[in-house]
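Open the model in a viewer and keep a selection prompt at hand. The stops below go from a strand to its neighbours, then to a helix and a cavity.

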Amino acid sequence: MNAPHAILFDKDGTLVDFDRTWGPAAGAVMRHFAGDDDAVLERLHLVSHYLPDQGRFLQTSPLIAGSSRQYGPLWAEVLARPADAAFFEEMDELFREEGTRCLTPIGRPAETLGRLHAQGLLLGIATNDAEPSARLQAARLGLDPYLSAIYGHDSGYGSKPAPGMIQAFSLLTGLPMQAIALVGDTRHDLDTARAAGAMAILVRCGPTPVDPFAHEADLVVDSVEDLADLFAGARAPVAGELA
């Protein structure tokens, strides 16, 4: 593949350790919603495909790649609450608090993004997390100086696997979508890239294996740390791109 001129990174499972961050965070959020009702808590665990004794999710969990708008209705049904904007916003706020408390990076993302940024690549985040949560975590990880944009499921461009976040980044940077790579760890990320006509790069550091669909990607690496070496000096300038 040709080297991209811009990269959008998925966050969870790509830059952030999914199990070590969202395993305990989700457990705390489910306990908050269930209160003292252990039966309700057990049902939340069940619909979330969550293993409370291990503090992690099964690979089939809808929380691994989905947004609160996608799995939230399952929780609302268990809690006998309306699956409305107020409920989703409450979920997002609680996840933001607990996710920040438990935040665990994969490797040294600030160092890696710094190297890519120094090579002239334009960088951003495209996540199915809420944008305020993504911005807070990016700041805590020291990624802000290297990012041109951060998109979440609530940023107005839709959730992955819809292509809206990549389309927005293309408009922002002035780059054609085929010059942008989406780096992620799930089928959602691959499908998002393909829907936008962007490059698809998979990483193996997420909570689920990418082997069943790895052959459909343009590139597969163990982690984002591999990319700085692979792309060093490999890109040519594109007229009109954002400085």
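**Tour of strand β4 and its surroundings**

Begin with I125 in β4 and I150 in β5, which are bridge partners. This is a predicted model, in which local features need pLDDT of at least 70 and side-chain atom pairs count only at pLDDT 80 or more, while totals for chains, interfaces and linings use all residues. Residues are numbered from 1 along each chain as its sequence is written, and side-chain values use heavy atoms, with hydrogens and water left out.

Helices (H or I, at least four residues) and strands (E, at least two) are DSSP runs, numbered from the N terminus. Two strands count as paired if DSSP finds at least two bridges between them.

Next, select residues 147-151, strand β5: it runs parallel to β4, and 4 bridges join the two. Add helix α6, residues 131-140, to see a right-handed β-α-β unit made of β4, α6 and β5. Right-handed means that, with the strands pointing away from the viewer, the path from the first strand over the helix to the second runs clockwise.

Now select residues 6-9, strand β1, which pairs with β4 in the parallel sense over 4 bridges. Here A6 stands opposite L122 of β4.

Return to β4 itself, residues 122-126, and colour by accessibility: 5 of its 5 residues are buried. Buried is under 20% relative accessible area, exposed over 50%, and partly exposed in between (1.4 Å probe, protein chains only). L122, G124 and A126 lie on one side, L123 and I125 on the other, and both faces are covered.

Move to helix α5, residues 109-118, where the buried residues are P109, T112, L113, G114 and L116. Their cover includes β1, β4, β5 and α9 (225-231), with contact meaning heavy atoms within 4.5 Å. After α5 comes G120, with a positive phi near 95 degrees.

The last stop is a cavity: a set of points, on a 1 Å grid over the protein atoms alone, where a 1.4 Å probe fits but cannot get out; lining residues have an atom within 4 Å of a point. There is 1 cavity of 30 Å³ or more, and the largest has a volume of about 290 Å³. Select D12, L63, G66, N128 and D129, the closest to its centre of the 24 lining residues. Helices α1 (18-34), α3 (68-79) and α4 (85-101) each supply at least two residues of the lining; α1 gives the largest share, 3 residues.

Methods: 1 Å grid on protein atoms, 1.4 Å probe; cavity = no way out; pocket = protein on both sides within 12 Å on 5 of 7 lines; lining within 4 Å. Points joined across faces, edges and corners; volume = space filled by probe spheres on them.
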